[in-house]
Amino acid sequence: VPPTISVPKGQSTITVREGSRAELQCEVRGKPKPPIIWSRVDKETPMPSGTVTMETYDGKLHLESVSREMSGTYKCQTARYNGFNIRPREALVQLNVQFPPVVEPAFQDVRQGMGHSVTLRCTMLKGSPMRVATSVWRFNGSLLAQPLAEQQDYSELKVDSVSRETSGSYECSISNDVGVSACLFQVSAKAYSPEFYYDTPNPTLSQKQSKNYSYILQWTQKEPDAVDPILKYRLEVRQLSQRNTIQTFIPVKKMEKGLLLEHILPNLKVPQSYEVRLTPITSFGAGDMAARIIRYMEPINYPNPTDNTCRFEDEKICGFVQDKMDNFDWTRQNALTQNPKRTVNTGPPTDISGTPEGYYMFIEASRPRVTGDKARLISPLYNITAKYYCVSFYYHMYGKHIGSLNLLVRVRNKRAIDTQVWSLSGNRGNMWQQAHVPINPPGPFQIIFEGVRGTSYEGDIAIDDVTLKKGDCPRKPIGPNKAVALPGSSVPALHSPWLCGPLTFFLYVLLR
């Protein structure tokens, strides 16, 4: 008898809740009675077992602990052979898996100015059935007036006027007769928290005479236009080792998004750390607070010039930094770390000490560098405490394509002004030489070493042992074994050997 297949009456659509058991059934007739092969109509989706098909002999497909992903249309069909060469017979069964609603937002922080209205909406993203059966709103845990039954996939509540009385927590519970999910809204006119500006370059001012230091506190305001204008900030400062807090208020005249605000915290004790709390105040009251810890560290951008020499032995290179506006960078290296394939006939073999471990700063003139490329190394910012200073340093300029080495002074008043105070160009021999450059800056200043690439690759330049001293520069060269050059001068010439010849011969005859 050829096979036939059908779905029992009332079994073409099976509806179950997520997590329960489901049974799909197809009735098959024929002799011999063929087995049933189950598959999903959506061929991209496998069966719950993970295989593409499942075979049963009684026509029943048992599914344990069904999930929402199992929803869809299932196909039952007879196996291809039961003694007759005919096409397989097939039937369809629909499985609907009901599950609780999935809603958004799970949480939303709603900010609005005083007196303004806001509309809160809780939306059902998924669910089976996909409709809102009931919705219940609560304010700070208390039940609000029950809204009318809704047929759409969301529920809304309007707060007519935001005030201190209407600010708080709103919860919307949505049901689809299978389960319940909730949206949570926090409504207020509170200002958002300030955001501290952590990229401030060395915002510490040290007063060594009084053992105090100051800190430049900088911040921006998050979304200042979301609520009423900020009137002032409450500043609380507490030394970490103590409990008492000093509170002050910082008035605000103008506030806009991205505006950087500053306030100097004076008379902080060296080397104590402090907790700072900053709270914006509007007509609503106090907003969200932001806190940070201030730890004292000796700032490198505000030192007093000392007689110490920077030999570039430390990775921090004494607070010098690379200029981001130049073409390439100076490199810190020594005889052990330098490139073994470095261009010959240019550059120093070691630093000024002559040891392979000693470091120096270096510019490489090989490709991709081109003529005129500049590398600039900028010192820390020095506070002026004297009228005259002397910048002393060693330089190595060896190679037939040497460009220029320039020393500039950057004075910081209302804006930064760079002035070239020393320059040297061309091949100066395979030796370290020293320069002394007098300067008299009118205000806080930095020194800049600028290396300029020459016409080709044999043009490496190096510097080492940079010293900044108060007072005038020495008038005579120093260092018996180091060739020395005063600013702009060349290497001092040695005595000519022809003067020594006659004198030696005269002494030899006299002694005979």
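# Exercises on cysteines, strands and cores

In this predicted model, the sulfur of Cys172 has its closest cysteine sulfur in Cys122, 4.1 Å away, which is too far for a bond.

**Exercise 1.** Decide whether Cys172 is buried or exposed, and find the disulfide partner of Cys122.

*Solution.* Start with the cut-off. A disulfide needs sulfur atoms within 2.5 Å. The 4.1 Å between Cys172 and Cys122 is too far for a bond. Next, check accessibility. Cys172 has 0% relative accessibility, so it counts as buried. Now turn to Cys122. Its disulfide is with Cys183, S to S 2.0 Å. Both Cys122 and Cys183 are buried. The S-S torsion of this pair is about 70°, so the link is right-handed. Finally, place the ends. Cys122 sits in strand E11 (residues 118–128) and Cys183 in strand E16, so the disulfide ties together parts 61 residues apart in sequence.

**Exercise 2.** Give the handedness of the Cys26 and Cys76 link and of the Cys390 and Cys473 link.

*Solution.* The structure has four disulfides. Take Cys26 and Cys76: their sulfur atoms are 1.9 Å apart. The angle about the S-S bond is -80°, and the link is left-handed. Its ends are 50 residues apart: Cys26 in the loop between strands E3 and E4, Cys76 in strand E8. Now take Cys390 and Cys473, joined at 2.1 Å. Here the torsion is about 110°, so the disulfide is right-handed. Cys390 lies in strand E31, and Cys473 in the loop between E36 and E37, 83 residues away in sequence. Cys390 has 3% relative accessibility and so counts as buried. Cys473 is buried too, at 17%.

**Exercise 3.** Work out the strand order of the five-stranded open sheet and name its edges.

*Solution.* The order is E10-E16-E15-E12-E13, with mixed pairing. E10 (107–111) and E13 (142–143) each pair on one side only, as edge strands. Look inside the sheet at E15 (residues 168–175) and E16 (residues 180–188). They pair antiparallel over eight bridges. Tyr170 stands opposite Phe185 in E16.

**Exercise 4.** Identify the residues that touch the most other members of the largest nonpolar core, and the strand that gives the most to this core.

*Solution.* The core holds 33 residues; Trp330, Phe393, Ile447 and Phe449 touch the most other members. E31 contributes the most, five residues. Then inspect Phe393. Beyond four places in sequence, its contacts include Leu405, Trp422, Val437, Phe449 and Val466. Another core lies apart, with 23 residues, among them Ala191 and Trp219. The general rule: in soluble globular proteins, nonpolar side chains tend to be buried together.

Conventions: Residues are numbered from 1 along each chain as its sequence is written. This is a predicted model: local features need pLDDT of at least 70, side-chain atom pairs count only at pLDDT 80 or more; totals for chains, interfaces and linings use all residues. Side-chain values use heavy atoms; hydrogens and water are left out. A nonpolar core is a set of buried Ala, Val, Leu, Ile, Met, Phe, Trp, Tyr and Cys residues joined through side-chain atoms within 4.5 Å. Buried means under 20% relative accessible area, exposed over 50%, partly exposed in between (1.4 Å probe, protein chains only). Helices (H or I, at least four residues) and strands (E, at least two) are DSSP runs, numbered from the N terminus. Contact means heavy atoms within 4.5 Å. Two strands pair if DSSP finds at least two bridges between them.
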